[in-house]
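Hello,

I am passing a structure on to you, and since it is new to you I have added some notes on what turned up in it. Please have the viewer open as you read.

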Amino acid sequence: MDKRDYLVKTLSRTKRKDYENYIINAIWHKLDNMELKPVSQQYVKRKDGGYALMDLYFSQLQVAIEVDESYHKNNQEADKLRMDDIIAAVNENENENTDFICLRIDASQPIEAINKRIIEVVSIIKNKASRIQLKWLTYEEELSQIKQQEYLSIYDNVSFKQITDIANNVFDKGYIGFQRSGFRVSDTLWVWCPKLSVIVDEDAKSAARGWLNFLSDDWTYIDESHENQTEDERMALIKDDFRLNKERAVFANYRDSLGIKRYRFAGIFKSSGLSPDNKNYIRYSRIDDKTKVFRAGGIT
């Protein structure tokens, strides 16, 4: 997707919210910077454990903008999140050290006050942008940049279109095509790309041929089961993981803010036995928030 199509799609996501649409588009046009990549309707994980919907987000600057319409004021309870929203969420707490800021605009004010605040917000964003060298990377440039890193972290603002992109750019596999949901990297490390499940009307819904995979809101564990899995089969899998000292680099399968299927790194996980919340599930606990990037001839 080129810049034109991306901008049209992302800036039209607020079309059913008139005041928000006016403010977001006014900010974007006043910024007048084609190297600054906007994301609309971005969920941010708050320090208190909850989530908030940021109406506009600039990941390059760690700046979020929230428009307070009457809807938001009268509905303090957060919208119900799908699992794909959670996996795409920005972690506000972890971004403290990167100068994350959230700028608010009250849409209930008179137009003069709204426009004054828009100018203030634009000024703050431009000031932050002036301190770094901005570049709106293409997907191919993002992949190339990953290959130069020593580690891939869960806090890196990057996602992958295909499992082959993960295999070739993070683990130096050289695959031409790949159909399975994972692959082996070393004697103890596997890559796992689970499609995450959701709860609908208090009922777990499989997203992948009977497999149920639930990532916790804080990304610290995954509970996995299969609709037809027996207790003996679960225990055999756990014993096998323990025997192999098996670790899993998890790249969760989700859909991004524009509805495009993506894979995002969620950490290194290891089996910790049956889930304490539900014995019908195996729990995989996160043991690391980063994975080493491989290059030709070995790890970086």
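Below are the points I would look at, taken one region at a time.

Please keep in mind that this is a predicted model.

**A buried glutamate**

A good place to start is strand β12, which covers residues 221-226 and contains E224. E224 is buried, yet it has no salt bridge. Which side chain of opposite charge is nearest to E224? That is R248, at 5.1 Å. A salt bridge needs the nitrogen and the carboxyl oxygen within 4 Å, so R248, 5.1 Å away, does not form one with E224. What E224 does have is a side-chain polar contact of 3.4 Å with Y284. Apart from neighbours within four places in sequence, E224 is also in contact with several other residues, among them W192, W211, L212 and N213, as well as N280, Y281 and I282.

**Helix α2**

Next, have a look at helix α2, residues 18-31. How far apart should its ends be? With 14 residues at 1.5 Å a residue, the helix should span 20 Å, and its end C-alpha atoms are indeed 20 Å apart. The buried residues of α2 are E20, I23, I24, N25, A26, I27, W28 and L31. Just after the helix comes D32, which has a positive phi, near 50 degrees.

**Salt bridges**

The count of salt bridges in the model comes to 12. Here are some that you can find easily:

- R243 and D240 pair up with their closest N and O atoms 2.5 Å apart. Both sit in helix α8 (residues 231-244), three residues apart, or about one turn of the helix. R243 is exposed, with a relative accessible area of 61%, while D240 is partly exposed at 27%.
- D187 bridges to R184, and the closest N and O atoms are 3.0 Å apart. D187 is exposed, at 57% relative accessible area, and R184 is partly exposed, at 44%.
- D288 and K290 form a salt bridge with a closest N and O separation of 3.7 Å. D288 is partly exposed at 29% relative accessible area, and K290 is partly exposed at 32%.

Which residues are linked in a network of salt bridges? Those are E66, D68 and R104.

If you would like a short route through the model, I suggest going from E224 in strand β12 to helix α2, and then on to the R243 and D240 pair in helix α8.

Happy exploring, and best wishes

Terms used
Residues numbered from 1 in each chain as written. Predicted model: local features only at pLDDT ≥ 70, side-chain atom pairs only at ≥ 80, totals over all residues. Heavy atoms only, no water. Helix = DSSP H or I, 4+ residues; strand = E, 2+ residues; numbered from the N terminus. Buried < 20%, exposed > 50% of the residue type's maximum accessible area, 1.4 Å probe, protein only. Lys, Arg positive; Asp, Glu negative; His and termini not counted. Polar contact = N/O pair within 3.5 Å; in protein donor to acceptor, adjacent residues only side chain to side chain. Contact = heavy atoms within 4.5 Å. Expected span 1.5 Å × (residues − 1).
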